[in-house]
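Welcome, and please take a moment to get comfortable with the picture below. We will walk through it together, one region at a time.

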Amino acid sequence: MTITAAPCVDDGRLMVRGKVVLTQVPTNIIVSQGISGSGSAFLGSTSAIPSSRHVFNLGILQGYKLLCLFRFKIWWMIPGYGKSGSDVPLETQMLLLEIKQESAVEDDGSSDSDTENTFYVLFLPVLDGDFRTSLQGTPANELQFCVESVFINSGDNPFELIKNSIKILEKHKGTFRHIENKKIPAHLDWFGWCTWDAFYTEQDTVNEFRKEGEPLIEGTQFASRLVDIKENSKFKSSESDGGYSDLREFVNTIKGKFGLKYVYVWHALTGYWGGVLPSSETMKKYNPKIVYPIQSPGNIGNLRDVIPDSLEKYGVGIIDPQKIFDFYNDLHSYLASNGVDGVKVDAQNLIETLGSGFGGRVSLTRQYQQALEQSTSRNFKDNNLICCMSHNSDSIYSSKTSGVARASEDFMPREPTFQTLHVASVAFNSLLLGEIVVPDWDMFHSKHETAEFHGVARAIGGCAVYVSDKPGNHDFEILRKLVLPDGSILRAKHAGRPTRDCLFKDPVMDGKSLLKIWNLNKLCGVVGVFNCQGAGNWPLKQAIKDMKTTPSAISGNVSPCDVEFNLDVAGENWNGDFAVYAFNSGSLSRLPKKGKINVSLATLKFEIFTISPIRVFGQGVRFAPIGLLDMYNSGGAVEAIDANMNDLSDSTVKIKARGSGRFGVYSSSKPRSCMVDMKEEKFVYNPENGLLTVDLTGDCKFRDIEFIY
């Protein structure tokens, strides 16, 4: 529940719910109330000096555990952790504080399950007109904000707090929409494949800075510019070469040959990495010109990136904002006419460096974003747009229809120390991004030393599942645990996010914490547990100790209360207990809501727990569906449950399920018989733990399963 007592400044202290959150608040800080009754407010400041970049002190922050999401480079966010203002990096775009009513920071040994005396304070630096805001700290523990205002809210549940805050901002600002008010692309529910890591192919571009016969000058590859919206010669081979006459034939052929439902095409927000070529006859009607990026102190204050650094020298061919819709519409209508179903649009944050002369970064971003969304809505069905490299708040708070966006930096198969960082980043970034888009946790390789680690994360992430394997280089044992025979996936309901007791712990570098990610299916919850310790360091942070000293295994607890909102799926017959099924061990346990199971994992290992509310039906039957036992997200296969119960005669529990394979449930007693699609089937019952299994054979389809008692 989000509280309704609004934050205020009293005697130089920022007060929230009677607790001092900031001290030494300057007199030029102004508190403006948010929407009436919401308990939220906006923090702003006054200045007598005009400037395009103001930095104001908000006050001293210390004594509370904090989580921040900040841009460590221009494109991407990662999480940061700490206990004072000095731990808040440049370009922080979300700051969450944990506040104990009785005291400030407690020992790490304090009870994780004690949430009764805890509340949370959320700071969201937002857009204000044509200005953008970010947070940062100083070595003196000062919390600062860079133009223009900061939204602040508080509540007892951190997940409800973030959701409600985004909805308040949606109503107040009117510049973006919450994910619940967007159309979700249908491709998310089907297994996919991407050519990027498989082929690294090129578009029809020109590199003006590379002379024929001479080696590539480092950095100029990012200055390549798009010269046409039509396909290049690689799609126009002669039939004698075994090729295709044009893009349309290619798309139609691969759809027919491989049964593909959707084909997407990649392009950058500016056309290509270096924009478009102004001298191209095709591009001249869009009034392009070469513009040189200007990076803000925030861009270069954390980790510089080679792409904007290179483009500062070579420039970007940017299309006139008044013509950008025409460009997108011409490109997308041509692609659609050739059978293409959607687009992935990359390098979006580059626009923030090109705002000079176009009304500023926020205004330019909004013009490009609106044109992109209008064109994709007009030309493609089902809102088929994937945004990428778009983690600045300019894009986040300008997203009106975009339904999917990448959640982290790329999966990098050749970087062994990046694997755990990737999984932790997508989970934490989904705290914010998941309220505005469906976070895309990126492709991975099914044949890779960390393939199963990544695959399990995607299985519970509520995201798309797709790989970039080279053709013929696949691990089907892993893929079959992710994908049903018809190509569909068991996608969970929400964005996967860290459990409440993990929010303020560093799962990558503290040497002792496991990462737990929770989600919900239609009738049960799921928690994935990952050991991300000892296999990499966050960018900008040095390892406190050698990774070799990280314990060979780390232990922790999993509880039904790790799944937020499990009451939403429990149903009226819930008895307060849960059936908990562990995927790797195959064990089935019965636990109360606050019960715990110990789990111990080595680095880069995982376990998945399906957590299903136990319902009580007639004749005292206690029952909980688990799902397809050989799928990572077992509970995603359970669609509905019903029962016809009679204390004097036969009682029946009915389940609607989908898929094929071993289907399991918890049952307190052995049923007399089992029917699948009106046909009696054999089943196996284990009286020691109550695991009841039946094999679903044949086609991958919806099944009606009945257990008769």
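Before looking at any region, it helps to know that pLDDT is the predictor's confidence in each residue, on a scale from 0 to 100. What you see is a predicted model, so this score is a good companion for the tour. Over the protein, the mean pLDDT is 91, and 94% of the residues reach 70 or more. Two stretches call for more caution. Across residues 109-113 the pLDDT stays under 50, and the model has three contacts there beyond four places in sequence. Residues 103-107 also stay under 50; for them the model has eight contacts beyond four places in sequence.

Let us now turn to the start of the chain. Here three strands make up an open sheet, in the order 1-2-3, with antiparallel pairing. Strand 1 (8-10) and strand 3 (19-22) are the edge strands, each pairing on one side only. From one strand to the next, the twist averages 50°.

How are these strands held in register? Strand 1 and strand 2 (residues 13-16) run antiparallel and are joined by three bridges. Within this pairing, Cys8 has Met15 of strand 2 as its bridge partner. The two strands form a hairpin with two residues between them, and in its turn Asp11 has a positive phi of about 55°. On to the next pair: strand 2 and strand 3 are also linked by three bridges in the antiparallel sense. Met15 appears again here, standing opposite Val20 in strand 3. Strand 2 and strand 3 form a hairpin with two residues between them, and Arg17 in that turn has a positive phi of about 55°.

Further along the chain, follow strand 10 (residues 118-125). Is this strand enclosed or open to the outside? Eight of its eight residues are buried, so strand 10 is largely enclosed by the rest of the structure. In a regular strand, side chains alternate between the two faces of the sheet. Both faces of strand 10 are covered: Thr118, Tyr120, Leu122 and Leu124 are buried on one side, while Phe119, Val121, Phe123 and Pro125 are buried on the other.

Strand 10 has partners as well. Strand 9 (residues 92-100) pairs with strand 10 in the antiparallel sense over six bridges, and Ile99 has Phe119 as its bridge partner. Strand 10 is also joined to strand 13 (residues 150-155) by six bridges, again running antiparallel. In that pairing, Tyr120 stands opposite Gly155.

Our last stop is a pair of helices. Two packed helices are described by the angle between their axes and the distance between the axes. The axes of helix 6 (residues 324-337) and helix 7 (residues 361-379) come within 9 Å and cross at roughly 25°. Angles under 35 degrees count as roughly parallel, and helix 6 and helix 7 are therefore roughly parallel to each other. The crossing of helix 6 past helix 7 is right-handed. Where they meet, helix 6 contributes residues including Phe325, Tyr328 and His332, and helix 7 contributes residues including Tyr368, Leu372 and Arg378.

Key:
Residues are numbered from 1 along each chain as its sequence is written. This is a predicted model: local features need pLDDT of at least 70, side-chain atom pairs count only at pLDDT 80 or more; totals for chains, interfaces and linings use all residues. Side-chain values use heavy atoms; hydrogens and water are left out. Two strands pair if DSSP finds at least two bridges between them. Helices (H or I, at least four residues) and strands (E, at least two) are DSSP runs, numbered from the N terminus. Axes are lines fitted to C-alpha atoms, for helices over the stretch in contact, and angles run from 0 to 180 degrees between N-to-C directions. Contact means heavy atoms within 4.5 Å. Buried means under 20% relative accessible area, exposed over 50%, partly exposed in between (1.4 Å probe, protein chains only). Angles under 35 degrees count as roughly parallel, over 145 as roughly antiparallel, 65 to 115 as roughly perpendicular and the rest as oblique. A crossing is left-handed if the near helix is turned anticlockwise from the far one by less than a right angle, and right-handed if clockwise.
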